[in-house]
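Here's a short set of exercises to work through with a structure viewer open. Try each task before you read its solution.

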Amino acid sequence: MSLKDKKILVGLTGGIACYKIPYLIRSLTKAGADVKVVMTEAATRFITPLTLETVSNNPVAVHMFPAEKFISTRHIDLAEWAELVVIAPATANVLAKISTGICDDLLTTIICATPRPVMIAPAMNPGMWQNPVTQRNVATLRELGYLFVGPEEGDMACEHVGMGRMSEPQKIFEAIQAFFQTSRKKKALKGKKVLVTAGPTREAIDPVRYLSNHSSGKMGYALAASAVKMGAEVTLVSGPATITPQPGVHLVSIETTKELHREVKKYFKGVDCLIMAAAPADFTVVHTKQKKIKRGKGTFELSLEPTVDILKDISKIKKTNQLIVGFALETDDAIANARRKIKEKKLDMIILNQPGPDSGFGTDTNQVTILYKNGRAVDLPVMRKTELADSILEIIAKKL
Ligand code: CTP
């Protein structure tokens, strides 16, 4: 995506990752952005303002009260000029300062003054990142709507390995692109209510064992995040998953297909769209044992019965202005099976997955075919699940 004429203020604080920032600025200017740079005094120890002036093609500001050309409102001018402020690298010190409103240099004063979104790419030693005080500051900033990219796990300049490495410039660049892309689409689902299901369900065999599947929940969580970013009010009913939902998503946790059915039924009446990305267990155990089943000598038989087909049941109460999107994971006769599911479950569209190296359970990417109830089929290329989620939500927004 082009960043033509986007006004981006990049703030550098004192960390060794400063040496990577010229690459970030180069990517931004190449994409058409107008980049201005503010550095803390400590950042100038790691990289010179001259380097950043050269790559940004703009003067670099360091001091609140520069000796040469004093402009009394320079912090306000820069704070209001920017459409997005990016702090990279962000030290533990700057996180602490901005989370408590301290403004004792040009950068922190700009951050305090700016009405624009601020994106933070932390970079610090793992001990500093894990420090509960830093974590508390990060939680405060997240709650206040500051955006975060990283940090990541890996080798550190201090020869430690752990969490705290700044995300690579390419990743920060992509996050900036995604920010501008989302703000463009932000209003597309404003006022709409979306219900998303995600993850597997578990059917207990005894107190320690269960039947389940390999669903990770990544696709459903990505869909919920995209819907929130586009302005929707989102409820996510999720089976067991280890993902943190996007802030703003109302999370309802369930375990069994029966519980999933109960919650979907409860929320469906009030929503404009249901996206059923969960992989509910199709069978449940007829008699769940109350005590752990002991190992025997012979074979062991387990009686299973089908669970309710949630979509089929929900389709009975579907109103004409409601949209239902299903998912299908097929290994054989994929298109025919998916078309059959559209009819049987009265879906508006189905996202067909065929498991492969880039697609299916647990992967970060997916390759899908979107099938519509009117018979149209659209093959999409391999995409990150987050990008696919955005594409699906854009289609839904148009239909709603
Ligand atoms: N689904 C559902 N209730 C179930 C099982 C699945 O509502 N008990 C939903 C899934 O969330 C998905 C769609 O139905 O959106 C298709 O799921 P899939 O597992 O592909 O199909 P099934 O209907 O379970 O049929 P089969 O397993 O025989 O392919």
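The exercises below go through domains, sheets, helix packing and backbone oddities of this predicted model.

**Exercise 1. Find the domain bounds and say how many Å separate the domain centres.**

Solution. Start with the domain assignment: it gives domain 1 as 7-184 and domain 2 as 193-399. Next, take the centre of each domain over its C-alpha atoms; the centres of domain 1 and domain 2 are 38 Å apart.

**Exercise 2. Work out the strand order of the six-stranded sheet, and explain why S3 and S6 each have a side without a neighbour.**

Solution. Step one is the order: the six strands run S3-S2-S1-S4-S5-S6 in an open sheet, with parallel pairing. Step two is the edges. S3 (60-61) and S6 (147-148) sit there with a single partner strand each, so one side of each has no neighbour in the sheet. As general background, strands of a sheet pair through backbone hydrogen bonds, either parallel or antiparallel.

Now zoom in on one pair. S4 (residues 84-90) and S5 (residues 118-122) are joined in the parallel sense by four bridges. To check the register, look at Val86, which stands opposite Met119 in S5.

**Exercise 3. Do likewise for the eight-stranded sheet, then find which helix packs on it.**

Solution. Read off the order first: S13-S12-S9-S14-S17-S18-S20-S21, an open sheet with mixed pairing. The edge strands are S13 (250-253) and S21 (377-379); each has a single partner strand, so one side of each is left free of a neighbour in the sheet. Ignoring direction, neighbouring strands here are turned by 15 degrees against each other on average.

For a closer look, take S14 (residues 273-276) and S17 (residues 323-329), which run parallel and share four bridges. Met276 has Gly326 in S17 as its bridge partner. The helix you're after is H13: it packs on the sheet and touches S14, S17, S18 (349-353) and S20 (368-372). The direction of H13 makes about 165 degrees with that of S18.

**Exercise 4. Classify the crossing of H1 and H2 by angle and hand, and list the residues in contact.**

Solution. Two packed helices are described by the angle between their axes and the distance between the axes. For H1 (residues 21-30) and H2 (residues 49-56), the axes come within 9 Å and cross at roughly 20 degrees. Angles under 35 degrees count as roughly parallel, so H1 is roughly parallel to H2. The hand of this crossing is right-handed.

On the H1 side, the contact uses Pro22, Ile25, Arg26 and Thr29, and on the H2 side Thr51, Leu52, Val55 and Ser56. Sorted by class, the H1-H2 contact comes to four nonpolar, three polar and one charged residues.

**Exercise 5. Which hand do you get for H9 with H13, and which for H4 with H7?**

Solution. Take H9 (residues 218-229) and H13 (residues 385-399) to begin with. Their axes come within 8 Å and cross at roughly 55 degrees, and H9 and H13 are therefore oblique to each other. The crossing of H9 and H13 is right-handed. H9 brings Lys218, Met219, Ala222, Leu223, Ser226 and Ala227 to the contact, while H13 brings Lys385, Thr386, Leu388, Ala389, Asp390, Ile392 and Leu393. The class tally for H9 with H13 is eight nonpolar, two polar and three charged.

Then go to H4 (residues 92-100) and H7 (residues 132-143), whose axes come within 9 Å and cross at roughly 50 degrees. H4 and H7 are therefore oblique to each other, and their crossing is left-handed. Ala92, Leu95, Ala96, Ile98 and Ser99 of H4 meet Thr134, Asn137, Val138, Thr140 and Leu141 of H7. That contact of H4 with H7 has six nonpolar, four polar and no charged residues.

**Exercise 6. Where do the cis peptide bonds Ala88-Pro89 and Gly150-Pro151 sit, and where do the positive phi values of Asp5 and Lys346 fall?**

Solution. Most residues other than glycine have a negative phi, and most peptide bonds are trans. Begin with omega: the Ala88-Pro89 bond is cis at about -5 degrees, and Pro89 is in strand S4. Gly150-Pro151 is also cis, with omega about 5 degrees; Pro151 is in the loop between S6 and S7 (152-155).

Then check phi. Asp5 has a positive value near 65 degrees and lies in the segment before S1 (7-12). Lys346 has a positive phi near 50 degrees, and its place is the loop between H12 (334-344) and S18.

Definitions and conventions
Residues numbered from 1 in each chain as written. Predicted model: local features only at pLDDT ≥ 70, side-chain atom pairs only at ≥ 80, totals over all residues. Heavy atoms only, no water. Pairing = 2+ DSSP bridges. Helix = DSSP H or I, 4+ residues; strand = E, 2+ residues; numbered from the N terminus. Domains from an automatic or database assignment. Axes fitted to C-alpha atoms, helices over the stretch in contact; angles between N-to-C directions. Parallel < 35°, antiparallel > 145°, perpendicular 65-115°, else oblique. Left-handed = near helix turned anticlockwise from the far one by under 90°. Contact = heavy atoms within 4.5 Å. Nonpolar A, V, L, I, M, F, W, Y, C, P; charged D, E, K, R; others polar.
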